[in-house]
Every structure is written in C-alpha cells, then in structure tokens.
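Trainee: I'm new to this one. Could you pick a single part for a close look, and tell me a bit about its surroundings along the way?

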Amino acid sequence: MDYNFHEIEKRWQKYWEDNKTFKTPEDLTNPKKCYILDMFPYPSGAGLHVGHPEGYTATDIFSRYKRMKGFNVLHPMGWDAFGLPAEQYAIQTGTHPSITTKNNCDTFRRQIKELGLSYDWDKEINTTDPGYFKWTQWIFIQLYNTWFDDKLQRGRPISELKLPENIAKPGQKEIVKYIDSRRLAYYDDALVWWCPNCRIVCANEEVLNDCSHEKCGNRVEKKNLKQWMLRIPLYAERLLKGIDKLDWPEGIKDMQRNWIGRSTGAEVDFKIEGLNENLTVFTTRPDTLFGATYMVIAPEHPLTDAITTHDNKNSVNDYIKATSLKSDLDRTDLAKEKTGVFTGRYAINPVNKKQIPIWVADYVLTGYGTGAIMAVPAHDNRDFEFAQKFHLPIACIQDPDVSDSEQKKRILEGKECWTEDGKYINSSNKSTGIDINGMNKDAGIAHITKWLETKNLGTAKVNYKLRDWLFSRQRYWGEPFPVIHWEDGEITAMNENELPLELPKLEKYLPGESGESPLSNSTEWLNIADKNGRKGRRETNTMPQWAGSCWYYLRFIDPKNDKMIFDLAKEKYWMPVDLYIGGAEHAVLHLLYSRFWHKVLFDLGIVSTDEPYQRLFNQGMILAFAYETESGSRVSGDLVEEREGKYFHKETGDEMKQIVAKMSKSLKNVVNPDDVTSKYGADSLRLYEMFMGPLDVTKPWDDKGVKGVFGFLGRAFRFLSNPDNITNGEEDGTVLKGLHQVIKKVEGDIENLRFNTAISAMMIFLNLATKKGKVTVDTACIFTKVLAPFAPHMAEELWHLLGHNETLSYEPWPEFNEEFLKEDIFDYPVSFDGKMRFKIELPVNLSKEEIIKIVLADERAKKWIGTATPSNIIVVPNRIVNIVIKN
RNA sequence: GCCCGGAUGGUGGAAUGGUAGACACGCAGGACUUAAAAUCCUGUGGCCAUUACGGCUGUGAGGGUUCAAGUCCCUCUCCGGGUACCA
C-alpha cells in the first residue's frame, strides 16, 4: 500500500480532535503524573518557523511516550501575545492589536495542529485575554503587598511588616515612605533611552553604538521617567541556592549563577576631606587597602556634586554630560580607552591615613556595589590602566609569586599589574596598628575585614550583580497596572474584585507627548475619582512581555477558573513542571524572572513548590545554508544555483562558498514548515527535526535530509501495511532480538531526550525486518507502538490496519525482555599496543585465562607478536583484548 | 576582556576511557523502465597496494596521563552564543 501521508495525517488529526484524545485526565489520584511544557510562542505575523516544531516535537514525543507509560500527562499550548509588532502595526494601520493578535494565533494554531502535536486544546491560554491578565494583575498586587523578611529569608504580607519606632512617631507620610521602601514592587525614577524624533522610549537593543535610534537614525537621549521596579535582588540568595537542586543543563545553571553574581568582600568607609560625609566603597579585596592610591566614583553617584570642588565643576559637569550620552555598549567596551576627571577633592585611606584623590570615571557603574571604588592600580587591571593614563601613583603591596625575576622587578616597581596571590609587603602602619605583611591573600582579607569591623570603619558584605528589575513599558499593548495615582500623591492598588482592568479602545496608538504611553490619550479611561470626590489617574505604563510569561505554566493547570488564579488541589497535583523545553536565549531573563515570581507565590502560600521547572532542556537553534562570495559578502539564496556539488552565482557565474547562517529574510533561506508538510508530511518533518542531530546543538537545515526520513517512513509503511509480510506463530530469533534491542534503545533515548539515536535504532530494526521479509503480528504491533511517539499519524494508521479500532495513544508501552538480548558469543577485537588487528568469536562465559590461551594460539596473533614476548595482556570481558608488546 | 558551548569523512551526525565513522544524506556502479521519477541491490574517510577480507594513516594544533584517548589533564588556534569594565 502506498504511503499516502496526506490522507493519513488528515484522518488522524480529525480523529484526535473529534475524540478529544489528548484531553488532560481529571483523575488526580494517579500517582504517576507528568507536566510537559513548551515555551509558548509569540504569535508573530510571519507564522511558524521550523525552529518552533523542534522543541514542540521533542515534548510531543515525550508526552506520547509518558501516556503509553501510564502517566497522567498535562501538555498544553498557548500564546504569549502582548508585544511590540502588533502595536506598531496598529500605529501604521489603526488596526486594533487584538485583531492582529487573533489572526496570528489562528495561523499558529492551524499550523501546530497540522503537525499532529498532542496538546489538550481545552487548556489553551492567551496572555492578552482579560480572563488571563486579570490574574497577572492580581500577582502584581501580591508583589506590591509583599515585603522580604531578611532574617527568615522569605516574602511576607505587608500587613506583617513591623514599623520601627523612629518611623512610626513622625507621622503617616514617614510610615508610607517606609512601607513603600520595603515593597517588592515600587515606583521610582529610572533612566531610559528616549528618541525625541519618534517620541518613544527605546530598548537598549534599538540604540546603536553611536547613540542613534536604529529606526529613524536620530540621536537618542537619556530621560528620567517614573517607572515600576521589582526588588528581585532581595531573592538573590534564594534564587542562587535553588539552582543546585534543579535538573538543568550545567551551562545554563552557571549562566544564572554568574548573572546573580554573588561576591563576598567588605564595605569600607573613607573620610572625605573638608566634607562631613563618608565615601563608602564595596571591595572584594579589602586586603589591598594599603595599595589604594586613589578613588573613583560613578558620574551618577549622589555625592558627585558635593565632592567636586568649585574649580573642577566645569570639567566634571562636562564629563557627566558626555557620559549620559554614551550607550551602555560604548561605556562597557573594555577595548575603549579609559576616561575620567579629577574632582579636586581627597579622601583619607583609613589604614594609613594617606590623602588620596577622588576621580569621576564611567568605568565605575552606579548600579553595582556602592557606585564608588577604591582603586588599587598595582593589583587590578582596570585601575592600572586608568592610573597609567592619568599618572596616578601605583603602589605594589604584594611580593608576586613569579619565578621570572625581570617580571618580578617590573611588578614591584609598579610597572606591571599583578592580580594573583603573593605575600604582602608595605602593608603595615604604626598609627593605625595594622600589619598584614608576610600574610597571603586569604589571611589578609580575614585580618583586615576584622580590623575594619572592630574600628567601625567597615563591614563584611555580600554583594550581588543582580539589579532591580525595571518592570514598566511606555506602550499600549501590555497589561495595565492595577494601580491609581491620587492627586494627593497616594498610590493604591485596585481591589481584587475590580479586576481585570482592561485596555481602553483608542483612536490612535501613538505615544503621548512627554514619553507617556498611548494610554495617556484616553482621558475617559485615565481619570477617575473615589467616592469622596478625590481625583485619581490610572497608571499609563503597561507591564513588559515578561509579565505574562512569568506564570503561564500555573494558569495552564486550570485556565478557565474565574474565581481563583487556579484550583489549589490541581496545582498541588501537577506542579512542578516535569519537563520544560525551549530556546537557550531565555537562559537567564525569562527563567530567572519566572523563578522569582514563583518563589514569592510560594512564600505567600499560593503555590506548593519552591521551584517551577524541575527539569529544563534547551533546544539548539536551527540554521540554514547560505552563500557568500570569496570576499565574504552574503548573497540571497535565490541567486545561487548548484552544479555538480558546487555553488554558483546565477548572474555573475562566480563560484560561491556554502556557509551556515541564521535564517533571515535577507538571505532568503527561511524554511517554512508548511512547505515541508505539504511535500513530505508532518511525520517526516517531525522525524527529520529529531534526526538532524542532538536536540541541544545548533544545526543546519538541509532539505535533502528530509528525504532520508521520508524514505524510512515509506519503507516502514509499505512493509507493515502489506498483509503478505505479516505472519502468525513464532518470531525469528534475530528479529526478536532486534525488536527488544530497539524497544530498550528507544525507551532509554526518549528518557534522555536523545531522539536522533532512537530514530537510527528504528531504522536499523526496519532494515533487519525487511531483509528477513516477514515479521509476526506481535512484532509488527510492538514496532508500531515504538514508532508511535515519533510518527503518530502513520503509527495510528498501521495500528488500525493491524486490526485495532481504538487509538494507540494509551496502549501500554512495550516492555523489553533482557532474556532476548543475551548473547552467547562475543566477537572480540584483538589489539596490539592499542591497535585493533583482528577479531575472534568466543563464547561470552570464558575466563580471562582461557581467552588469552585461545588468542595466543591464533595464527594471526602469532604473526603480530613475531619474536617478541608480550609484556602484558589485558582482557576486558566482552569488550576487548589488548596484547602489550612494546617495552 | 569575562562567562558558556563547540571543532570527527564531500554533508548532518554515531561512539559507558576499550573495534573511530552507527544511522542517514550525497556520490558512484548496477537492477527495473522505451525513458525518467519512484523503488530495490552493491560500494563509498584518505593514501598505497589490489597477490592477498593486506598495509600505512586518520577525530582543529601541540604536549601529558593510560595497557588503551574523539573521550581525561595542560597549552594554543579557530568558530558559535551570552554579556552588565561588577570593584
């Protein structure tokens, strides 16, 4: 029978839909549950990309396999549908983003259904649906009403926050200020990039190196806007510790650890000459205080103005202005030369009372530590570079552990920087009574930190790179904040029963005059009054796209619940997510934000687990072939033709080099899954994407490769659908062995997400079976079940042809029998000095001595040994024999 | 600069420290066909032989550990991704 995939796939997709085959079980008593989650897509206007089905197929195989293993499976899909493109389309055409979004979701849903993915469509969610974002807003209110108890290391309701006496006395204003300073969500000024031409706030990535806006080319500037911020650093320690328990790729765990960036050190107070203020720095190397020869503060440091002396005001102000125009990329480029200006003022180094100058430089950032550093040029590369440029003193205080005497001399003279360990020198002072000379780094750090603490000059301190999360956007197409700004300055969160706060319909989607979002144009929506006539204004910022994706996995559990965020019993049953697959681009931001929200919800008793995603896997990007000329310029794919394995430019005739690059419109190398399914079918697309290589590596798409798996599916179908090939009675020994090998291999590979080798094992079995020409009904049924998670449409069809009336989606997964896998004979490779020379078949149960005896008696062994005497013979049972001759 | 990956035939890739190149693509030859497509069969890392189911060589480069290294360790080169000069 021909492999008519069009007909087969259509029929079974309809069957699954009509019968709701993949409906999530309601029975919560089955102890075996598996929650399998994809990173839900942003439904872009371009439709599905071949990158989407890669992860979706992987989770689908896993889901189908787990159902056959008797698990209750939750496998949902939805849309992360707030976002910029729909808003920009609205600005251009006036089409409401909800219309664009709906159309895009319809396309995505159709395309996904055509891939035969076993989602429970009753669980579909959409982040732009008021029934969904009602609860996103609700979570925001929870964050707003939560503070972090440092002692207990957990979030607690704001009502449980005790007021210190000195706060309670002065009055209501002080109390509000104090409480606001402890909330996880707060409202404050923050700097953002602003394009005066487009009247719009720009993301970092939209700002080019020369500070121009990539869309219009005009110069952008920094602007202070009121923004909502989330205090994620309070959870830094919890987020860091939680990583250890997770079954995630080590590389991703490392990236999260580095992002949180815990470092231990000390805060040290420096007296400022002529000011009644201290300059506090954070340092990981308090041991190098004796080498601190100057200080640097960030241009934005709150004391910059006070510190700068009259004579230096102009140069410092000019410098601050210049810095504000630099892009982050510019400022953080290490290759760029260091810049800075002297403030005219000095601080006093607490360990030796020496006067050291205070400079302003943009290599010190205001967001990290205290925004000020003590500079130790002899032992820090950046400080060294800066000191050399501005001729600041360099004092070496460590005798370096180097053998090269020339290098040692240079370091001791302050002509080279030394950042490794060494015994301290020049590190004692009689008046302060401190002496660490002769000590090594660890002892030095401990000693000085203790000294600072006893003298009240500093404290041991843990610092994190993780910064407060800027949580608002000046956009229309996002979740409105459920808060009201009252005319008297009070900010209140809306009541739960007033949610959701929906977006108003607008005539125009252009942003407001002063950088406010388009929502500021909707006066009717914007202005409200309370029952006492107090006037208030709604928040015009909206939430970032992260908001909806931070918690969507929770809503999938109970998406239609309009009374609660979800049913608690259902949450308890399904959480945590057992397998989460998506792109590595979310390694830090989404996954960290989401863990943060989850931990807050856990602290508030809303969710039952401390972590949301137990097992995570990142799929690799799918690239495509592209072509470039000898000089390296890339050429659109439709201008290139292949002749005899080489590639030529259609117009110039030049030979082109085939390279691998990201799919892009400009290279015309985007592969559309619809084209593949119409030509080869969904099962072939699924199988190819899994057969291309390991799931986690980036790999190039090759249309020719689809033919390979298409051929395999065709052979399998033609062989198994032909009754002449299916027999009754006993199965042949080699076929039976091959069958149990493939069951075992596929099972292990699915558990470890190694689908490429699982597919190759199935190919090997099919090659074996077709060579034999006949298999029994049992064998055919078992192989069909093994194939089912990968090529579900064809498997259902074969299952039906083999005489079954029900779907095989819930048929028990076949069990392999070790008995059939046992070997009597092993073909030993015999190697000499590690090089394999010949093979010899031996019974598996021979002793090492017997094996040596037989091997040495073999003519081929005699030839290789010659006149030499083997010095050693290694026998690894059922693996190898190695005869050592040399020496 | 720093962090995380990676480098194996013409191509995608396989290989618990134990036979390098499974499986597939491509290519070559053959069968079927008037022909082509489809399908099936055979071969296929390179070099030397082809009298031998012979030899030599081979996993980015160079060292090391080991009876044995694609795999472990060190140094280097190149490529991909991330990036916030983190004091």
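Mentor: Let's start from the outside: chain A exposes about 41600 Å², and carbon and sulfur atoms supply 50% of that area. Keep in mind that what you're looking at is a predicted model. Along its principal axes, the C-alpha trace of chain A spans about 100 × 90 × 65 Å. There are 887 residues in chain A, and 52% of them count as buried. You'll find 30 helices and 39 strands in the chain. If you take the contacts with a separation of 6 or more, 70% are between residues 24 or more positions apart. As for charge, chain A has 115 positive and 127 negative charges, and their mean positions are 2 Å apart.

Now for the close look. I'd go for the place where helix α22, residues 682-691, packs with helix α27, residues 792-801. Two packed helices are described by the angle between their axes and the distance between the axes. Here the angle is about 125°, and the axes are 7 Å apart. An angle over 145 degrees would count as roughly antiparallel, and 65 to 115 as roughly perpendicular. At about 125° the pair falls in neither range, so α22 and α27 are oblique to each other. Which residues make the contact? From α22 they are Ala682, Asp683 and Arg686, while α27 brings in Pro792, His793 and Met794.

Just before α27 in the numbering you can look at helix α26, residues 777-787. Of its 11 residues, 8 are buried, so α26 is largely enclosed by the rest of the structure. The buried ones are Thr779, Ala780, Cys781, Phe783, Thr784, Lys785, Val786 and Leu787. Notice that a lysine, Lys785, is on that list.

To see burial at the level of one residue, try Ser831, which sits in strand β36, residues 825-832. Its relative accessibility is 2%, so Ser831 counts as buried, the cut-off being under 20%. Leaving aside residues up to four places away in sequence, Ser831 touches Met836 and Arg837, plus Ile880, Val881, Asn882 and Ile883.

You can set a loop residue beside that strand residue. His301 lies in the loop between β12 (294-297) and α10 (304-307). With a relative accessible area of 10%, His301 is buried too. With residues up to four places away in sequence again left out, His301 touches Leu279, Thr370, Gly371 and Ala372.

Conventions:
Residues are numbered from 1 along each chain as its sequence is written. Chains are lettered from A and ligands numbered from 1 in the order in which they are written. This is a predicted model: local features need pLDDT of at least 70, side-chain atom pairs count only at pLDDT 80 or more; totals for chains, interfaces and linings use all residues. Side-chain values use heavy atoms; hydrogens and water are left out. Helices (H or I, at least four residues) and strands (E, at least two) are DSSP runs, numbered from the N terminus. Buried means under 20% relative accessible area, exposed over 50%, partly exposed in between (1.4 Å probe, protein chains only). Contact means heavy atoms within 4.5 Å. Accessible areas come from the Shrake-Rupley method with a 1.4 Å probe; for residues, only the protein chains shown count as cover. Lys and Arg count as positive and Asp and Glu as negative; His and the chain ends are not counted. The place of a charge is taken as NZ of Lys, CZ of Arg, CG of Asp or CD of Glu. Axes are lines fitted to C-alpha atoms, for helices over the stretch in contact, and angles run from 0 to 180 degrees between N-to-C directions. Angles under 35 degrees count as roughly parallel, over 145 as roughly antiparallel, 65 to 115 as roughly perpendicular and the rest as oblique.
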